[in-house]
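Please open the structure in your viewer and keep the selection tool at hand. The stops below indicate what to select next and what is to be found there.

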Amino acid sequence: MLVLASTSDIVRVVTGSASQIEVHASWGDLTVSTGAVDLGRQNTAAITTATTTTVVPSPGSGVRRNVRHLNVTNDHASQSCTVTVEHSDGTTVTELMSFTLLPGENMIFGEEGRWAHRDANGAEYPPAGKGAYDGYPVVFMKTSTAAEATGNWYGTWKDAGFPGAWAPGTPGVNGRVTDGTTSTDNGCIPIKNPATGANYLTELTMGASVNHSHLFFDVLWVNSGLTVTTTTAQSITTPTLPARDVNGTTNGEGCMIGIMFTAAATNAAAISTTTVTYTNSDGTGSRTATLSAIAGSQIPATPVIGTVIWFNLQAGDKGVRSIQSITLATSLVTGSISLFIARDLANIGTSLVNVQFTRKLSDPGVRIYNGTCMLHCILASATTATFFNGEVVIQEK
């Protein structure tokens, strides 16, 4: 039972992103003075933006409205959306329930006062909690070559081991979006899409023959074909990102820009003047990502294959929706690079050689969206070639 007891009481839905949210509500009205009962319902026009919408209006004076059924469905073909249902008495707003609805999913409030979350096939999600998880570990082993220098980032995506080597391929300057469940992205850490519910990263275990800091990330977009000797702007038209940002949308919130070296370069000195023009996750264009003149945040001298450089976003930005150009500013002389957009998933450090360390992530863990292309890199503490071993634990809920 959900009661609206005054002419100021309403039930409203808050949508966290643009999608196609459809809402049906049914209720019964009791006129207090006469005891008369009347039944009503409302189909709210499709909600297609991130907004707040009243889905059950206030009752009339002297009437108590009992909401008996509320059905909220994400009818978008590909866009996930976080949907929150709230009760407002005109002054105080109280959150009743919130779910992230994947395409085709719905959330239901029944007359018994119970909430349910159903997938696109109508199957109900199990109750939240550790007892409702069905998880599995994914083993991770890599044999790396040497990093360029201490304090620089190095990616094991190109190295042999399990999984085998991953490569950007040859999608061209405009690049391609990734999908870790397809053969094009074989070599990323293999995470199968859940049969029902959603995946969560709940635990990392890592050991190494040389101690480093480890970062696991989901690469959403990657390109190829940039000219390493061109010092002026090279234009890029990126496709719409897959719905795998921190909110499960295509806006790119929580996403970073990086460069990976797929062949060694021979620039004679470190480069910190490279820039990227991008549109941020709020849709504001003409933003500039930069490097810093410090190891780990600049292109090192003679970067080896596997070198990774992360860009600094412009002040106030929370992520990257698309990229418009890259300006190297200084020639890399030789080699090849790929620009990419990625979401940081989790990190872990190792402090004893060949001893595994475990990091448990707070319940329910980090949401892993369908198609995640998970890769691993390190912040090198030494240039020694390293053997890595560990596992990631994925829980399906």
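Select E203 together with V393: E203 stands opposite V393, which belongs to strand β27. The model on display is a predicted one. Extend the selection to strand β15 (residues 199-208) and to β27; the two pair in the antiparallel sense over 9 bridges. In general, strands of a sheet pair through backbone hydrogen bonds, either parallel or antiparallel.

Keep strand β27 (residues 387-396) selected and display the surface of the remainder. How many of its 10 residues are buried? The count is 8, so strand β27 is largely enclosed by the rest of the structure.

**Aromatic pairs**

Next, select W157 and W166. The structure holds 6 aromatic pairs, and W157 with W166 is one of them: the ring centres are 6.2 Å apart and the planes stand at 85°, so the pair is edge-to-face. Is W157 buried or exposed? Because buried means under 20% relative accessible area, W157, at 3%, counts as buried. W166 is likewise buried, with a relative accessible area of 2%.

Proceed to F217 and W310. These residues form an edge-to-face aromatic pair, with 5.3 Å from centre to centre and 90° between the planes. F217 lies in strand β16 (residues 213-222), whereas W310 lies in strand β21 (residues 307-310), so the pair ties together parts that are 93 residues apart in sequence. Both F217 and W310 are buried. Add F340 to the selection: F217, W310 and F340 form one aromatic cluster.

**An open sheet**

Now colour strands β5, β2, β7 and β8. In what order do these 4 strands form an open sheet? The order is β5-β2-β7-β8, and the pairing is antiparallel. The edge strands are β5 (52-56) and β8 (93-101), each of which pairs on one side only. From one strand to the next, the twist averages 25°.

Within this sheet, select strand β2 (residues 10-15) and strand β7 (residues 81-88). These antiparallel strands are joined by 6 bridges. To see one position in detail, pick T15, which stands opposite V83 in β7.

**A pocket**

For the last stop, select S80, L102, P103, Y369 and N370. Of the 22 residues that line the second largest pocket, these lie nearest its centre. The space in this second largest pocket amounts to about 340 Å³. Colour the lining by residue class: it divides into 11 nonpolar, 7 polar and 4 charged residues.

Methods: Residues numbered from 1 in each chain as written. Predicted model: local features only at pLDDT ≥ 70, side-chain atom pairs only at ≥ 80, totals over all residues. Heavy atoms only, no water. Pairing = 2+ DSSP bridges. Axes fitted to C-alpha atoms, helices over the stretch in contact; angles between N-to-C directions. 1 Å grid on protein atoms, 1.4 Å probe; cavity = no way out; pocket = protein on both sides within 12 Å on 5 of 7 lines; lining within 4 Å. Points joined across faces, edges and corners; volume = space filled by probe spheres on them. Nonpolar A, V, L, I, M, F, W, Y, C, P; charged D, E, K, R; others polar. Buried < 20%, exposed > 50% of the residue type's maximum accessible area, 1.4 Å probe, protein only. Phe/Tyr/Trp six-rings, centres within 6.5 Å; stacked < 30°, edge-to-face > 60°.
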